[in-house]
Amino acid sequence: MKSIRGKLFIILSFLFALSLGLNFFSYLSFMELKSKREQIQLGNQLELELSQLPSNLKANATQLNSLKKLNQRLTPPLRKAGVSEMLTHLEKRRTGTFKKHLKTFKTNETEFRRFNLNRMDYLEKKVLFLMGLGAVFLIFGFAALHILFKHLVIVPIRNLSSKMLDFLHNRYTYQFGSPSNDEIGHLHANFNSLAQRVISHTDELKSLDQAKSDFLSIASHELRTPLTSIKGSLSLLKGGMGGELNEVTTELLGIAETESDRLIRLINDLLDLAKIEAGKLPLSTIWVPVDDLIKTTFNSLQGLAQSASVELVYENAAQNVQVMIDKDRIQQVLTNLMSNAVKFSPKGDCVIAKVILIENEGIRFEIKDHGKGIDPEDQKLIFQKFRQASGPNNPIVKGTGLGLAIAKALVEEHQGEIGLKSKPGEGSTFFFTLKEWRFASTHPVVEAS
Amino acid sequence: MKILLAEDDHNISKIACLALEKMGGHQVEWVSDGKMALERALAGDYDLILLDEMMPEINGLKVCELYQQQSSSPKPVIFLSAKSQEGDVKAFEKIGLGFIAKPFDPMTLNQSITQLLESKAA
């Protein structure tokens, strides 16, 4: 029998049969003991009732009936026959004969008791012995069962479990040996197959990941190299390296230069996004005062805002607050949202940057413009790659179409959320939240070197 | 100034040479791989060495390292590179004087070099 179930079945049936046999024999002995005791008691009862007869030995009907009833229950048959003959004499009032029989009966009873008491002693011992034997077998049976169970079930499960732990901790040092041919062996074999599948898949994923990294680095080099030459040549031509230029040439060179700049930006954005999505953009986070963050962003956008005649307004509802961020990256997000807001604002209007402290949520940055707003359908798509809100109400504003996708990825990398509220005709509010913040009053800012 | 330019891309070299010679008035010698760059840097007498990071034979960082080990009086080294990730930038600044990111603007190339040299002098 190969299976654990079979082995356990055999040993359990053996134990069951043994205990059944022992029980049967002790039951037989016990029943015999019981009937002996009863017969002795019956004899005593008979003797007692006979001794209560009147001295003239004339028994009344009640006494006779009671005696006859007792007689019915006597065994063995010889004893019963003797007593019933004696009772017939009593009934027929043959006093002499009855007395003789009574004497014989008493002698026989004494003999019967003596013999049976010995037998009862023996039976009592036998029952006790069988019970003891049963208990011993039970203990040995359980011990055997325990050893078998430990050997067949517990130890292999422990081995398998420790192998699983090894696997979990990337120690592939163990051999994939051939496991035993039982249920746990099958479990073991299945685990081995699973582990090998996982290992091969992991290797595959690692090589894919490596391929992606390689692609990123090659793409960034191979795409930027020709652009370096193109942009350099254009720049030199425009700078007068090839001699004086007429107006049309200057304009055309300007277009070529602007568009090659756009191509470079697009490549940078794409590579940034690919890096963020691959988790290859490690964040170096420090505590940054919210005020500094907004003011730096405002400074960098001053030129854009002035040329678009848009005013930048800062409303801080969370005074003296610092956030734990990668400063450059969150700056990138803010710059993106604010420059969008400026681009879509009507002339002479303002863009409002608001910082709000929300309990259980963190710090919320809101960038509000009074532009044309965004259609609800476009709102769903706007954070996807290469999506820009366009249509009759929105003139296409030049951009790579990746800014919001990058902003989303960067905010999410900071465990934050990004979104927008907008109604066509009423402007848009873009917002994002940052989880880790504290009040500055108790923590002086330490500038990271 | 006498400048050694190591750059494997022919077109980029041409543009850089034009900018450095015609606009900066420097004297430029050009090599196209790392091995030659190291030989010439050790043999010649240059005031500045411009190294591309990704070059055949030996890469820019390695060339710089070997040059600084072997030269008796190493001259300032500036890297030209399309790699602008934080880790790369730190390596450039640690080993060399600094780096100029590709794509660079030839009109401001001389200015960038002067700034880096001045920052070292300061």
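This is a short conversation about helix packing and aromatic rings in a predicted model.

Student: Let's begin with two helices of chain A. Why are α7(A) and α8(A) called oblique?

Tutor: The axes of α7(A), residues 290-307, and α8(A), residues 327-343, come within 10 Å and cross at roughly 40°. Angles under 35 degrees count as roughly parallel, and 65 to 115 as roughly perpendicular. The crossing fits neither range, so α7(A) is oblique to α8(A). The crossing is also right-handed.

Student: Which residues of α7(A) and α8(A) meet?

Tutor: On the α7(A) side they include L293(A), F298(A) and L301(A), and on the α8(A) side I330(A), L334(A) and M338(A) are among them. By class, this contact has 10 nonpolar, 6 polar and 1 charged residues.

Student: What makes α4(A) and α5(A) roughly parallel to each other?

Tutor: Helix α4(A), residues 95-168, and helix α5(A), residues 183-238, pack at an angle of about 5°, with their axes 10 Å apart. The limit for roughly parallel is under 35 degrees, and therefore these two helices earn the name. Their contact includes L152(A), I157(A) and F167(A) from α4(A), which meet residues of α5(A) including L187(A), F191(A) and V198(A). It has 13 nonpolar, 1 polar and 1 charged residues.

Student: Now the rings. How many aromatic pairs are there over all chains?

Tutor: A search of the whole structure finds 8. One cluster is in chain B, where ring pairs link F79(B), F92(B) and F99(B).

Student: Why is the pair F24(A) and F25(A) called edge-to-face?

Tutor: Ring centres must lie within 6.5 Å to pair, and planes over 60 degrees apart count as edge-to-face. Here the centres are 5.8 Å apart and the planes stand at 65°, so both conditions are met.

Student: Are F24(A) and F25(A) buried or exposed, or in between?

Tutor: In between: F24(A) has a relative accessible area of 47% and F25(A) one of 46%. Buried means under 20% and exposed over 50%, so both are partly exposed.

Student: What makes F298(A) and Y314(A) edge-to-face?

Tutor: Their planes are 75° apart, with 6.3 Å centre to centre. That angle is over 60 degrees, so the name applies. F298(A) lies in helix α7 and Y314(A) in strand β2, so the pair ties together parts that are 16 residues apart in sequence.

Student: How do you know that F298(A) is buried?

Tutor: Its relative accessible area is 10%, and buried means under 20%. Y314(A), at 23%, is partly exposed.

Conventions
Residues numbered from 1 in each chain as written. Chains lettered and ligands numbered in written order. Predicted model: local features only at pLDDT ≥ 70, side-chain atom pairs only at ≥ 80, totals over all residues. Heavy atoms only, no water. Axes fitted to C-alpha atoms, helices over the stretch in contact; angles between N-to-C directions. Helix = DSSP H or I, 4+ residues; strand = E, 2+ residues; numbered from the N terminus. Parallel < 35°, antiparallel > 145°, perpendicular 65-115°, else oblique. Left-handed = near helix turned anticlockwise from the far one by under 90°. Contact = heavy atoms within 4.5 Å. Nonpolar A, V, L, I, M, F, W, Y, C, P; charged D, E, K, R; others polar. Phe/Tyr/Trp six-rings, centres within 6.5 Å; stacked < 30°, edge-to-face > 60°. Buried < 20%, exposed > 50% of the residue type's maximum accessible area, 1.4 Å probe, protein only.
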